[in-house]
Every structure is written in C-alpha cells, then in structure tokens.
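Reader: I have a chain on the screen and want to go through its surface, dimensions and core. Please take me through these topics.

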Amino acid sequence: MARSWERMVQRNSQKVNQQRKKAGKDSIHASTVSTKSGDVYRGRNIVLPVVLIGLGIMYWMVGTLDEVKGNGSLMNWLGIVLYFALAALLFFRRPYLKVERARLSTFKFNRERFLGAADIEKIILSRGSVVIKHKGKRMKWIFSRLINRYDTAVMGERLEQFAKANSIVVEHE
C-alpha cells in the first residue's frame with residue numbers, strides 16, 4: 001500500500017509540475033532537490049602526494065648512483081613509477097564531507113563512511129579545522145585546512161545548521 005501511495009504522489013506531482021511549468025513557475029520540489037542530495041565540501045590531499053613524490057625522487061637518485069649496472073634496474077624503475085602513480089591517485093581523488101539532512105558521509109580508508117545525526121556526540125569548530133566526534137567511540141573525523149585544503153569556514157557554518165536541526169552540541173575553539 002505504501003508503494004502505490006508513493007507512485008500516486010509521484011504521478012500527481014508530475015502533473016502539477018507540468019502545469020506549473022506552463023504557467024512559468026518553479027516546480028513544487030525545486031527547493032528540496034539540492035538539500036535532498038546534500039551539500040558536498042571537497043578538499044585536496046597535498047601532503048601525502050608530495051611525500052610520495054619525494055620518496056620516488058630519492059629512490060631514483062639512489063638507483064642512478066648504484067655502480068652495479070643491470071642489477072635490479074627494472075624493479076627500481078617499477079618502484080619509482082609506482083610511487084609517482086600512487087601520488088597522482090591520491091592527489092586527484094579528492095576527499096570530501098557530504099552533509100545531508102540527518103547524516104554525514106565521507107571517504108575514509110578506501111570506502112564511504114556514513115555517520116547518522118544520532119551517532120554524533122559533538123562538533124568542534126576551530127579556525128583551521130572541523131572535528132566530528134562519535135558517540136561511544138574514540139574515533140574522530142578531522143577535516144583540516146592545512147592538510148587537506150578544506151574551506152573550514154563554510155563547512156563550519158553548514159555544520160552549525162546541521163547541529164541546530166539535529167540538536168547536536170557545537171563547540172568553538
């Protein structure tokens with residue numbers, strides 16, 4: 001019964017939207033479309049790719065100074081290329097924080113992590129970072145301007161709105 005109700009609502013909203021479009025008005029769900037998908041704040045990982053490129057350059061220099069030619073030369077170049085490839089992968093895969101109506105999500109340890117509003121103990125906002133503390137766990141999500149180049153001022157404003165809507169404690173440092 002619930003699915004038939006949803007289909008009926010969807011059909012009726014499509015009809016109303018077509019009529020509103022003919023009249024030159026916005027659709028009835030125009031304001032909720034952007035909040036339904038959530039606000040995404042992207043950063044840029046710079047520190048670890050720079051370290052990996054430095055290691056690749058260091059191994060290239062050590063490999064060129066090696067006096068024994070032909071001894072593992074292919075493996076040396078393969079290692080150098082893989083360091084550069086990993087640095088490029090980490091640089092172009094941008095970290096993010098997605099703020100939805102009742103949950104947060106981010107990409108950590110090679111998979112997307114979700115955190116519901118009921119699982120958040122507090123949000124700590126400072127000038128250069130945003131920290132989201134879980135309930136009952138020692139884990140924290142830290143979004144830093146220095147390391148991952150997040151716009152923490154804009155993130156802080158949106159997280160204050162999120163915390164107010166979901167009655168979560170917000171601390172300013």
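Author: Accessible areas come from the Shrake-Rupley method with a 1.4 Å probe, and for residues only the protein chains shown count as cover. This is a predicted model, in which local features need pLDDT of at least 70 and side-chain atom pairs count only at pLDDT 80 or more, while totals for chains, interfaces and linings use all residues. Residues are numbered from 1 along each chain as its sequence is written, and side-chain values use heavy atoms, with hydrogens and water left out.

Reader: What share of the accessible surface belongs to carbon and sulfur atoms?

Author: The accessible surface of the protein is about 12,700 Å². The part that belongs to carbon and sulfur atoms is 58%.

Reader: What is the radius of gyration of the protein?

Author: The radius is taken over C-alpha atoms, and the globule rule is 2.2 Å times the number of residues to the power 0.38. For a compact globule of 173 residues, the value would be near 16 Å. The C-alpha atoms here fill a box of roughly 80 × 40 × 35 Å along the principal axes. The radius of gyration of the protein is 24 Å.

Reader: Which element supplies the largest share of the largest nonpolar core?

Author: A nonpolar core is a set of buried (under 20% relative accessible area, 1.4 Å probe, protein chains only) Ala, Val, Leu, Ile, Met, Phe, Trp, Tyr and Cys residues joined through side-chain atoms within 4.5 Å. The largest one has 19 residues, of which Leu-104, Ile-123 and Ile-132 touch the most other members. Elements that each supply at least two residues include strand S5 (120-125) and strand S6 (129-134). The largest share, four residues, comes from H6.

Terms used
Buried < 20%, exposed > 50% of the residue type's maximum accessible area, 1.4 Å probe, protein only.
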